[in-house]
Amino acid sequence: MSLIHKHLSKTPNFRNDPIKMNTNGSLKQEVKLNTIGSVIKSVSYEIKFSANKGRGAFLLEPVEAGNLVLLEQAAVIGPKQTSPLVCLECFTKLSTKDLEYCCSKCGSTLCQSCSNLELRPLHDSECQIFQQAGHRFNPSTEKGARALYNIVTPLRFLLRAERNPEILFLHDNAESRQDTLIYCFNQVTVARTLREQLQLKERFSEAFIHKACGILDTNCYELGWNQLQARGLFLDIAHINHDCVPNCFKFFDENNNMCVMSAQDLQPGDELTLSYTPPLMSTPLRQVILQQTKLFVCHCARCHDPKELGAKLAALKCSPCGGDVLPENPIDLNSDFRCESCATIVPSERGKMMLDTAMKFVGKGSGNTQVSGDTFDVIQHLGRFLRPTHNLIVDLKLRFLNQLLMEVEHDLESRDTAETQEKLAHSLGFGLDLLNMAVIVNPGKSRLRGIISDLYHKLDKHVINGQDIKCEMEALMSEKDIQAQFKFDRGFHANNGTTLLSNGTKCLG
Ligand SMILES: [Zn+2]
Ligand SMILES: [Zn+2]
Ligand SMILES: [Zn+2]
Ligand SMILES: [Zn+2]
């Protein structure tokens, strides 16, 4: 009997038998490690059945806003199947020049410093398998790189599951995945390669390999900022369910540990929630991601409200009256749109066309060389099709803030020109728009509010003779709070707010 079957027969029934998974005690007590040793710190909570969502994590003690809920080391960490060239040990992005430092034994991609290490805790066990099978990878071609990255993380999971079968308790979405494209892809690229080329037929059954892929795709979080590309499986954090208006947020510290913080004051019995999608995406976009990659339909209050609780991130501009045209049923990916003011109906297809046109505009204006002035122009153009709350415009406003800040800081002399001062005034207006949106979709001491507040303060410092309206802005977090709360957040001070906000998304492959 394979490991997976032995294990499944022992799976407890979570519906009838809530299990207290974490007895670590609160942070005030001495910190103890859980059985796998992956939880570093945790408040006390229990795993039990949650309506519509399966298992969930429920607090057993009160937690104030802005506090650490869980700090956890990945049980499995590895490249995404789609990763560019990365070091398999530290996940630094590599260039083709770095290919000379590939593992001498198996050809896997390593950076210069990791290739010189005597012990490589992550790579060594798979390296042994590659050597035993006499298999060498050739990542210098795209095909060769894919052949390697497709299997590394599933293989790391399988090896971990041999030592710690409890990781097989995680949800794998097996039924919904059966015979999907993802399933077929993994059958060819993962199961066959591991069992045949790497000679692991005796060790891992096909079903076991598919379970590994399913658990990874369902539960992994993406660690992606600037130069780092990986996905990680965090066993305890994996129990935290999704909500489009989450009460917690997450980030990664410098050791690639994942940190979950409370954004709001929470009481015993409250379910901990995180968002698996970037916070400023509209409901139709979030639904696409959740339905297609996480295989569930989110039924939260934000998803059911065409106005998204007031954020209106999908609002097109009504051509007869200029009002907000919103999806009638945001959960339905083919929903028609309706104008809030004049009730004009925009059929689904027409709505999608308007969005395509808008996307083309953004495409034209994008690229690495883009400056704040161009971004501002694109925002003005898009105003013809989209309302100012639309997520495309919101993304551009965020980009504008980041670009302007970089430009001003690189050329302090230009700061005092009338042109720059005018842009700065616009940026504070945009900052305020974004903050008002942040308190709707990520209320409390959230990371989103922190990021935008931080940008606001930095831009505000360069304004000459502006009115000081900071004290009237409830949504703005103080610099002191930002300092205290995001001290350990590795991605917080990265220089691109747009990529920064998508970091930590639950990912596929
Ligand atoms: Zn490295
Ligand atoms: Zn190797
Ligand atoms: Zn939702
Ligand atoms: Zn109208």
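Reader: In this predicted model, which residue of S4 stands opposite lysine 41?

Author: The model is a predicted one. S1 pairs with strand S4, residues 68-72, in the antiparallel sense over three bridges. Across from lysine 41, the residue in S4 is leucine 71.

Reader: What is the order of the strands in the open sheet of four strands?

Author: S1 pairs with S4, and S4 pairs with S10 over four bridges. Five bridges then join S9 to S10. The pairing is antiparallel, and the order is S1-S4-S10-S9.

Reader: Which strands stand at the edges of the sheet?

Author: An edge strand here has a single partner strand, so one side of it is left without a neighbour in the sheet. From one strand to the next, the twist averages 15 degrees. The strands at the edges are S1 (39-42) and S9 (248-252).

Reader: Which residue of S10 stands opposite glutamate 72?

Author: S4 and S10 run antiparallel and share four bridges. On the S9 side, phenylalanine 252 stands opposite methionine 258 in S10. Glutamate 72 also has as its opposite residue in S10 methionine 258.

Reader: How many residues of strand S10 are buried?

Author: Strand S10 covers residues 258-262. Met258, Val260 and Ser262 point one way, Cys259 and Met261 point the other way, and all are buried. S10 is therefore largely enclosed by the rest of the structure, and the count of buried residues is five of the five.

Reader: Which residue takes a positive phi in the hairpin of S9 and S10?

Author: S9 and S10 run antiparallel and are joined by five bridges. Their hairpin has five residues between the strands. The residue with a positive phi, near 65 degrees, is asparagine 256.

Reader: What is the arrangement of the four donor atoms at the zinc ion (ligand 3)?

Author: The zinc ion (ligand 3) is coordinated at 2.3 Å by the SG atoms of Cys244, Cys298, Cys300 and Cys303. Along the chain these donors follow the spacing C-x53-C-x1-C-x2-C. The angles among the four donor atoms are 100 to 116 degrees, and the site is tetrahedral.

Reader: Is cysteine 300 buried or exposed?

Author: Cysteine 300 is one of the residues that coordinate the zinc ion (ligand 3). Another of them, cysteine 303, has a relative accessible area of 0% and is buried. A residue counts as buried under 20%. Cysteine 300 has 10% relative accessibility, so it counts as buried.

Reader: Where do cysteine 103 and cysteine 127 lie?

Author: Both cysteines are among the donors of the zinc ion (ligand 2), together with Cys106 and His123 (NE2), at 2.1 to 2.3 Å. The donor spacing along the chain is C-x2-C-x16-H-x3-C. The pair ties together parts that are 24 residues apart in sequence, because cysteine 103 lies in the loop between strand S5 (76-78) and helix H2 (112-115), and cysteine 127 in helix H3.

Reader: What is the arrangement around the zinc ion (ligand 2)?

Author: Of its donor residues, cysteine 103 and cysteine 127 are buried. The four donor atoms subtend angles of 99 to 116 degrees, which makes the arrangement tetrahedral.

Reader: How are the donor residues of the zinc ion (ligand 4) spaced in sequence, and what are they?

Author: The protein donors of the zinc ion (ligand 4) lie 2.2 to 2.3 Å from it and are Cys318, Cys321, Cys339 and Cys342, each through SG. Angles of 104 to 118 degrees among the four donor atoms make the arrangement tetrahedral. In sequence the spacing is C-x2-C-x17-C-x2-C.

Reader: What is the relative accessible area of cysteine 321?

Author: Cysteine 342, another donor of the zinc ion (ligand 4), counts as partly exposed at 33% relative accessibility. Cysteine 321 is also partly exposed. Its relative accessible area is 39%.

Reader: Which helix gives the most to the largest nonpolar core?

Author: This core has 48 residues, and Phe130, Leu155 and Ile209 are among those that touch the most other members. Helices H3 (123-132), H4 (142-163), H6 (181-197) and H7 (206-219) each supply at least two residues of the core. With 10 residues, the helix that gives the most is H4.

Technical notes: Residues are numbered from 1 along each chain as its sequence is written. Chains are lettered from A and ligands numbered from 1 in the order in which they are written. This is a predicted model: local features need pLDDT of at least 70, side-chain atom pairs count only at pLDDT 80 or more; totals for chains, interfaces and linings use all residues. Side-chain values use heavy atoms; hydrogens and water are left out. Two strands pair if DSSP finds at least two bridges between them. Axes are lines fitted to C-alpha atoms, for helices over the stretch in contact, and angles run from 0 to 180 degrees between N-to-C directions. Donors are N, O and S atoms within 2.8 Å of the metal (3.2 Å for Na, K and Ca); water is not among the atoms, so sites may look incomplete. Four donors count as tetrahedral if all angles lie between 85 and 135 degrees; four count as square planar and six as octahedral if opposite donors are over 155 degrees apart and all others between 65 and 115; anything else is irregular. Buried means under 20% relative accessible area, exposed over 50%, partly exposed in between (1.4 Å probe, protein chains only). A nonpolar core is a set of buried Ala, Val, Leu, Ile, Met, Phe, Trp, Tyr and Cys residues joined through side-chain atoms within 4.5 Å.
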